[in-house]
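Thank you all for coming. I would like to walk you through one structure this morning, moving from its charged pairs to its sheet and then to the chain as a whole.

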Amino acid sequence: MAPLGPAGALPTSAEPLSRSIFRKFLLMLCSLLTSLYVFYCLAERCQTLSGPVVGLSGGGEEAGAGRGVLAGGPRELAVWPAAAQRKRLLQLQQWRRRRPPSPRDNGEEAAWEEESPGLAGGPGGSGAGSSVAEAPQGTLALLLDEGSKQLPQAIIIGVKKGGTRALLEFLRVHPDVRAVGAEPHFFDRSYEKGLAWYRDLMPRTLDGQITMEKTPSYFVTREARISAMSKDTKLIVVVRDPVTRAISDYTQTLSKRPDIPTFESLTFKNRTTGLIDTSWSAIQIGIYAKHLEHWLRHFPIRQMLFVSGERLISDPAGELGRVQDFLGLKRIITDKHFYFNKTKGFPCLKKAEGSSRPHCLGKTKGRTHPEIDREVVRRLREFYRPFNLKFYQMTGHDFGWDG
């Protein structure tokens, strides 16, 4: 006979049965939650692996600039879920920071090289930190297929070997500046391709951002064509002591063609009479007043800014302040963005666009000039002096090349 319960009643089988059902319910619930968690993790991982990062894509951030973009272009990215887009953009931003710009497709030399994090203070800056680590707004706009491509509102039109590459890279730190990395050479080499082709080279911009490009050969070639595109275009000319500029121009050519004649023999039509050969491009480019006369037939002087190549080295923040004012931009680029590299003799960016590491002008910049006969240099200075004085008068600025 079964023992009596606490109240004198027989026990029932309901109690162990209910405990058994409860255990099974808990096991099923745990199994379901585990499966959901695994599925969630796998889904998140798949989203971040939707496409590889590749370089030199035709639909990239900057046509011809050699920058990497997402496979498939911005339209493919636009159909991804929002979480995947954010993760992919973060991946790209980190990848861009690790990768320095590659050499230009059109023969233009790579302008920047990465440096070690050690920052030595100097004339170019105070050594303080910078706040330009984040990728610029325009990068996100491009990848999300936002914004639009515009014809440039500002162009750096010259001069060759004046410091145009340094100026452009410094300006690209500004969040409201979007610029093509490589030189488009549209107005002097590809004009027949049309403005639609030219516009397609430009990076995407948002409201309030400025589209820019730089091709230093424009200053000596195609002022009328730029005027035909837009008479409101702002023009920036980086100028440098024409004698030093000519020697630098020759030095660059010599590095590519070691068999060319000497600087002295190219400078004179007749060494005995001292007649300067103005047909040689290295000499011709430095006659700034002559070229400026052509531009002033199409643009008022107020739409042109003349930047000192010498002060761009000695006081980059000061010259960039003038440029930002000219472009109607807030003065964001200041001393804190620069430090002076004593080895190169140039100011460097503490953090370039899309990078968290210091960047300097590349090894091809700041080449050692060959020794030039002092008498040749003296005659060149005499030749340029009247043109320089006229240029000072036209621009209202004494650049001090004849002091």
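Arg 331 has a relative accessible area of 48% and is therefore partly exposed, where buried means under 20% relative accessible area, exposed over 50%, and partly exposed in between, with a 1.4 Å probe and protein chains only. Its partner is Asp 325, and the two side chains meet in a salt bridge at 2.5 Å, N to O, the term standing for a side-chain nitrogen of Lys or Arg within 4 Å of a carboxyl oxygen of Asp or Glu. Asp 325 is likewise partly exposed, at a relative accessible area of 43%.

Before I go on, please keep in mind that this is a predicted model, in which local features need pLDDT of at least 70 and side-chain atom pairs count only at pLDDT 80 or more, while totals for chains, interfaces and linings use all residues. Residues are numbered from 1 along each chain as its sequence is written, and side-chain values use heavy atoms, with hydrogens and water left out.

How many salt bridges does a search of the whole structure find? There are 16, and one of them joins Glu 293 to Lys 390, with the closest N and O atoms 2.4 Å apart. This pair links distant parts of the chain, since Glu 293 belongs to helix α12 and Lys 390 to helix α15 (residues 374–395), 97 residues apart. Helices here are DSSP runs of H or I with at least four residues, and strands are runs of E with at least two, numbered from the N terminus. Glu 293 counts as partly exposed at 31% relative accessibility, and Lys 390 as partly exposed at 36%.

Helix α15 also holds a pair of its own: Glu 375 and Arg 379 lie four residues apart, about one turn of the helix, and their side chains meet in a salt bridge at 3.2 Å, N to O. Glu 375 is partly exposed at 30%, and so is Arg 379 at 25%. Both belong to a network of salt bridges that links Glu 375, Arg 378, Arg 379 and Glu 382.

Let me turn to the sheet. It is an open sheet of five strands in the order β6-β8-β5-β9-β12, with parallel pairing, where two strands pair if DSSP finds at least two bridges between them. Because β6 (177–179) and β12 (304–308) stand at the edges with a single partner strand each, one side of each is left without a neighbour in the sheet. Neighbouring strands are turned by 25° against each other on average, direction ignored; the axes behind such angles are lines fitted to C-alpha atoms, for helices over the stretch in contact, and the angles run from 0 to 180 degrees between N-to-C directions.

At one edge, three bridges join β6 to β8 (residues 210–214), and Val 177 has Ile 210 as its bridge partner there. Helix α12 (residues 288–295), which we met through Glu 293, packs on the sheet and touches β5 (154–158), β9 (234–239) and β12, its direction making about 160° with that of β12. Contact means heavy atoms within 4.5 Å.

At the other edge, β9 and β12 pair in the parallel sense over five bridges, with Leu 235 opposite Met 304. Is β12, then, buried or exposed? Five of its five residues are buried, so the strand is largely enclosed by the rest of the structure. Met 304, Phe 306 and Ser 308 are buried on one side, and Leu 305 and Val 307 on the other, so that both faces are covered; in a regular strand the side chains alternate between the two faces of the sheet.

Helix α5 (residues 164–171) is comparable in this respect, because eight of its eight residues are buried and it is largely enclosed by the rest of the structure.

Finally, the whole chain. It has 15 helices and 15 strands, and of its 403 residues, 46% count as buried. Residues 24 or more positions apart account for 74% of the contacts with a separation of 6 or more.
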